[in-house]
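Please open the model in a viewer and keep the sequence panel visible. The tour below proceeds by selection, from one helix to the cores, the charged pairs, the pocket and the cysteines.

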Amino acid sequence: MTSKANQLPSISILGTRVHMVEISDVVQLMDSWIATEPHRCHHVVNTGMHGIMEAHRDPEFKSILKSADVLAPDGILVTLIARLRGFAIRKANTGPDLLWEFSRLADSKSYSYFVYGDTENTLELLSAKLEASFPGLKIAGYHSPPFRPLTEEEEDVAIAEINACAPDVLWVGLGMPKQERWIAENRSRLDVPVVVGAGAAFKFASGTVRRAPAWLRNAGLEWLWRLLQEPCRVWRRVFLDAPQFLGLVALELAGLKK
């Protein structure tokens with residue numbers, strides 16, 4: 001991990017290190033890595049309760065999160081825990097808006113992207129919207145992998161395609177935890193300065209899934225909106241993972257669980 005990332009304040013939640021950063025901090029880090037360490041692949045994770053619970057259940061996945069250069073908080077629960085621990089993290093400045101906010105900087109510096117994951121339709125809409133909104137930004141390429149485990153040959157072709165496009169940032173939208181596993185497995189072969197686990201950002205930015213209104217997001221109720229929009233995708237997180245997470249964190253904060 002680079003020295004700049006090592007200097008970031010962080011807290012441990014159920015054994016997972018979460019950096020106390022907001023979107024503006026991550027944007028600056030990414031920009032710095034592109035400028036000063038272009039030959040090292042830096043992994044950016046943006047997650048909250050969902051990713052932390054996956055790591056709590058799976059030590060191997062916890063190691064993947066630990067190996068990331070920065071793990072930025074997302075979601076109201078992690079934001080509230082950060083505040084309880086003395087960090088003034090604002091919910092409005094965390095989450096999937098990283099893609100859009102970094103694109104403002106990418107526009108001014110003519111950075112290039114490769115977007116990987118999701119459906120062909122979503123990637124086409126996303127690419128068109130980003131290039132229309134940020135004319136200085138270049139979409140070097142995109143790839144929609146099949147919704148099944150890839151063969152070794154297919155994996156090699158995808159990596160070769162990404163490297164041939166030489167993007168400044170690779171955005172991977174396969175969903176948590178699949179995207180972080182994919183990044184960890186292929187990081188040593190990726191010739192890109194920054195790779196980001198994008199989660200639902202592709203769907204939000206492309207318009208294929210409606211984002212909750214800003215007032216609802218800032219009130220910490222985006223989970224309710226997503227439950228109504230995509231019940232099959234998020235019901236388990238809301239009804240099973242969230243209560244368990246709250247119970248485990250309460251024990252941790254009370255000093256009854258390490």
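Select helix H5, residues 76-84, in which Ile76, Val78, Thr79, Ile81 and Ala82 are buried. Here buried means under 20% relative accessible area, exposed over 50%, and partly exposed in between, with a 1.4 Å probe and protein chains only. Helices (H or I, at least four residues) and strands (E, at least two) are DSSP runs, numbered from the N terminus. The model is predicted: local features need pLDDT of at least 70, side-chain atom pairs count only at pLDDT 80 or more, and totals for chains, interfaces and linings use all residues. Residues are numbered from 1 along each chain as its sequence is written, and side-chain values use heavy atoms, with hydrogens and water left out.

Next, display what covers the buried residues of H5: the cover includes strands E1 (10-13), E2 (16-19) and E4 (70-73), together with helices H3 (49-57), H12 (222-229) and H13 (231-253). Contact, here and below, means heavy atoms within 4.5 Å. After H5 comes Gly86, with a positive phi near 95 degrees.

**The nonpolar cores**

Now select Met30, Val44, Leu98, Phe102, Tyr113, Val169 and Trp171, the residues with the most contacts inside the largest nonpolar core, which has 34 residues. Such a core is a set of buried Ala, Val, Leu, Ile, Met, Phe, Trp, Tyr and Cys residues joined through side-chain atoms within 4.5 Å. At least two residues of this core are supplied by each of H2 (23-36), E4, H6 (98-109), E5 (112-116), H7 (120-133), E7 (169-172), E8 (194-197) and H10 (201-206). Helix H2 provides the largest share, seven residues.

Centre the view on Val44. Which residues does Val44 touch, not counting those up to four places away in sequence? They are Val26, Met30, Trp33, Val70, Leu98, Val194, Val195, Val196 and Gly197. A second, separate core has 24 residues, among them Ile64, Leu71, Ile89 and Val249.

**Charged pairs**

The structure holds 12 salt bridges, each defined as a side-chain nitrogen of Lys or Arg within 4 Å of a carboxyl oxygen of Asp or Glu. Begin with Arg90 and Glu22, whose closest N and O atoms are 2.7 Å apart. Arg90 lies in the loop between H5 and H6 and Glu22 in the loop between E2 and H2, so this salt bridge ties together parts that are 68 residues apart in sequence. The partners can be coloured by accessibility: Arg90 is partly exposed, at 48% relative accessible area, whereas Glu22 is buried, at 8%.

Move to Lys203 and Asp118, which form a salt bridge at 3.2 Å, N to O. This pair also links distant parts of the chain, with Lys203 in helix H10 and Asp118 in the loop between E5 and H7, 85 residues apart. Both Lys203 and Asp118 are buried.

Then select Glu230 and Arg226, which meet in a salt bridge of 2.8 Å, N to O. Glu230 and Arg226 are each buried. Arg40, Asp69 and Arg187 are joined into one network by salt bridges that share partners.

**The largest pocket**

Turn to the largest pocket, with a volume of about 1,200 Å³. On a 1 Å grid over the protein atoms alone, where a 1.4 Å probe is used, a pocket is an open set of points with protein on both sides within 12 Å along at least five of seven lines, and lining residues have an atom within 4 Å of a point. Grid points are joined across faces, edges and corners, and the volume is the space filled by probe spheres set on the points.

The lining has 47 residues, of which His50, Asp74, Arg226, Val234 and Arg237 lie nearest the pocket centre. Helix H13 gives the most to this lining, with six residues.

Stay on H13 and select Asp241, which is in this helix. Asp241 is buried at 6% relative accessibility. Leaving aside neighbours within four places in sequence, Asp241 is in contact with Met49, His50, Met53, Arg57 and Arg236.

Thr47 is the next selection, in strand E3, residues 42-47. Thr47 is buried, with a relative accessible area of 5%. With neighbours within four places in sequence left aside, the contacts of Thr47 are Leu71, Ala72, Pro73, Asp74 and Met176.

**The cysteines**

Finally, show the cysteine sulfurs. How many disulfides does a search of the whole structure find? The search finds zero, a disulfide being a pair of cysteine sulfur atoms within 2.5 Å. The sulfur of Cys41 has its closest cysteine sulfur in Cys165, 15 Å away, which is too far for a bond. Cys41 is buried at 9% relative accessible area, while Cys232 is exposed at 74%.
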